[in-house]
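The following exercises concern a protein model and its ligand. Please work through each task before reading the solution beneath it.

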Amino acid sequence: MTTHTAECPSSPEIGESAELVCRNPRTGKSLGSVPISSSEETRSAVAGAREAAITWAALGARERRRHLDRWRRTIADHRGELLGLLSDEAGKVPADALLEVNLALHHLEWAAANAGRALAPQRAHSGLMMLGHSSTLVRRPYGVVGVIGPWNYPVYTPMGSIAYALATGNAVVFKPSEYTALIGQWLVDAFADAVPDHPVLAAVHGDGATGAALVEAGVDKVAFTGSAATGRRVMAGCAQSLTPVLMELGGKDAAIVDTDADLDDAADAIVWGALMNAGQTCAGVERVYAVDEVYDSLLERITQRAGQLRAGVDYGAIAMPTQIDVISRHVDAALADGGRAVVGGRESVRAPFVDPVVLVDVPEASTAVREETFGPVLIVNRADDVHDAISRANAAPYALGAAVFGRRRGRWIAEQLRSGMVSVNGVVDFGAVPALPFGGNGASGFGRIHGMPGLQEFTTCTSITERRLRLPIRPQRFSRSPVDLGALILLLNRHRWVRR
Ligand code: NDP
């Protein structure tokens with residue numbers, strides 16, 4: 001077999017022995033390589049995981065928790081290596097890397113501790129028709145979950161699926177983004193060190209073709225996090241085998257600022273929400289709708305804060321080279337459509353860095369308002385009132401997260417938004433609460449990671465009724481008597497008599 005080396009971010013050839021060389025996005029320097037998995041190797045990883053899943057599932061949630069806690073400690077013990085990789089391979093500044101690893105471990109701990117509850121049988125009320133029966137919903141793991149992850153939060157994001165799937169007794173085959181393959185492999189190696197007896201976490205590497213091969217390799221569920229465009233392709237692949245799929249897609253999150261908001265606090269949070277991780281955050285703030293009364297004061301504060309920040313110092317590089325073009329295109333579109341830049345502009349793009357850009361008066365129909373920019377670009381538009389702000393926030397096809405700033409009506413505004421998650425007087429705070437489900441609506445996907453729904457997302461269920469009492473009335477038999485039919489007529493008439 002030939003061996004060739006493909007360099008990130010080109011498209012490596014799948015199907016022969018090849019390597020993916022991963023590079024520092026800031027310097028282009030090689031950091032190491034991982035072998036590209038052929039379709040055959042991907043299928044074999046799934047088969048191996050399926051075998052390991054049997055004993056893993058049989059361990060029970062309490063025993064699995066012990067193993068997952070050991071993995072968590074191993075990651076924490078070797079955090080220096082992981083933080084270094086997040087900086088080198090994902091281009092993050094130390095503070096962003098530290099936050100990401102903290103969040104990921106917080107979720108791992110919660111998932112391991114709560115999986116037992118998620119798997120516990122649930123009793124259901126049997127109702128009048130089934131008197132004398134007990135009804136129960138039992139849950140079990142799917143088997144093997146294929147996790148396909150993005151590069152922007154290469155630890156936190158896949159952990160939202162991996163930890164929750166493992167805790168509920170599944171094995172996982174993980175396809176990290178080709179831009180963060182070393183980080184993905186590091187997590188898998190740390191698991192193998194911590195839990196050597198249970199090979200239930202494996203990695204396969206490559207570009208989209210490896211992801212597609214994983215979808216076709218016979219996994220029992222796919223957990224996909226990435227762009228809406230790729231999500232459609234993954235869904236089409238899953239449709240062939242009717243494989244269930246969880247879709248965590250992009251966002252165009254809005255922040256609404258009401259008349260009674262603490263404007264200093266709102267500006268601090270919004271600027272951080274828009275620029276952290278160089279704006280490469282699915283639930284980062286990309287649009288602001290501030291009501292007329294506070295618009296000018298808020299804009300002054302945002303401008304002053306954003307104007308002091310610099311890419312490469314306060315936040316990192318753009319990790320995927322092609323994203324630079326998207327960012328430039330959106331800034332151009334906003335300006336061409338009549339918007340104005342009040343911080344930075346086209347000149348802020350100096351690959352692989354992009355300095356902060358704040359745009360105002362951008363028409364709602366502009367590409368810059370409707371599509372995910374995924375860069376340090378913030379649009380601050382004026383809203384007539386809070387109703388106008390809500391309706392504009394809700395107009396985007398995406399509905400992942402949102403933020404609301406205001407005292408009196410904060411919670412009410414949050415409930416009017418169609419996004420899957422909202423932080424009131426904060427940004428992206430929901431992502432740090434493991435007990436709260438995370439996910440979007442509309443073009444941002446469906447299904448949930450995190451929280452009880454996030455654990456149950458990785459379980460399949462069986463509804464069981466069990467006859468406990470042998471009652472004399474049994475209309476569900478061919479041997480039914482006139483008395484049985486009389487009972488059915490009584491039950492039917494009940495709907496006419498009982499108003500409730
Ligand atoms: P992509 O959609 O480009 O890729 C996501 C993953 O899918 C990568 O591992 C990619 O591999 C893989 N892939 C590509 N093509 C296919 C295919 N045909 N079949 C199967 N897998 C495939 O997303 P990005 O990596 O660029 O991530 C950024 C996107 O992720 C943004 O839109 C962001 O909003 C979203 N995101 C959503 C989150 C959420 O929770 N809702 C959280 C974080 C990010 P490769 O990279 O090797 O090409």
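**Exercise 1: A loop residue**

Task: Locate Leu 242 relative to helix 8 and strand 10, and state the sign of its phi angle.

Solution. In this predicted model, Leu 242 belongs to the loop that runs between helix 8 and strand 10 (245-248). Next, consider the backbone: phi of Leu 242 is near 55 degrees, which is a positive value in a residue other than glycine.

**Exercise 2: A cis peptide bond**

Task: Identify the residues joined by a cis peptide bond and place Pro 352 in the chain.

Solution. The cis bond links Ala 351 to Pro 352, with omega at about 5 degrees. Pro 352 itself lies in the loop between strand 14 (349-350) and strand 15 (353-354).

**Exercise 3: Polar contacts of the ligand**

Task: Determine which atoms of Ser 177, Gly 226 and Leu 249 approach the ligand, and how much of the ligand the protein buries.

Solution. Polar contacts are N or O pairs within 3.5 Å.
1. From the side chain of Ser 177, an N or O atom is 2.9 Å from a ligand oxygen.
2. A polar backbone atom of Gly 226 is 3.4 Å from an oxygen atom of the ligand.
3. A backbone N or O atom of Leu 249 is 2.7 Å from a ligand nitrogen.
4. The ligand taken alone exposes 900 Å², of which the protein buries 91%.

**Exercise 4: The ligand shell**

Task: Describe the site of the ligand and the composition of its shell.

Solution.
1. The largest pocket holds the ligand.
2. Surrounding the ligand are 31 residues, with Gly 149, Trp 151, Ser 227, Leu 249 and Glu 372 the closest.
3. By class, the shell comprises 13 nonpolar, 12 polar and six charged residues.
4. At least two shell residues come from each of helix 7 (208-215), strand 9 (221-225) and helix 8 (228-241).
5. Domain 1 (5-249 + 452-459) and domain 2 (253-441) each contribute at least three residues to the shell.

Note on methods. Residues are numbered from 1 along each chain as its sequence is written. This is a predicted model: local features need pLDDT of at least 70, side-chain atom pairs count only at pLDDT 80 or more; totals for chains, interfaces and linings use all residues. Side-chain values use heavy atoms; hydrogens and water are left out. A residue is near a molecule or strand if one of its heavy atoms lies within 4 Å of it. A polar contact is a pair of N or O atoms within 3.5 Å; within protein, one must be able to donate a hydrogen and the other to accept it, and residues adjacent in sequence count only if both atoms are side-chain atoms. Accessible areas come from the Shrake-Rupley method with a 1.4 Å probe; for residues, only the protein chains shown count as cover. On a 1 Å grid over the protein atoms alone, a cavity is a set of points where a 1.4 Å probe fits but cannot get out, and a pocket is an open set with protein on both sides within 12 Å along at least five of seven lines; lining residues have an atom within 4 Å of a point. A molecule sits in a cavity or pocket if more than half of its atoms lie within 2 Å of its grid points. Helices (H or I, at least four residues) and strands (E, at least two) are DSSP runs, numbered from the N terminus. Ala, Val, Leu, Ile, Met, Phe, Trp, Tyr, Cys and Pro count as nonpolar, Asp, Glu, Lys and Arg as charged, and the others, Gly among them, as polar. Domain bounds come from an automatic or database domain assignment.
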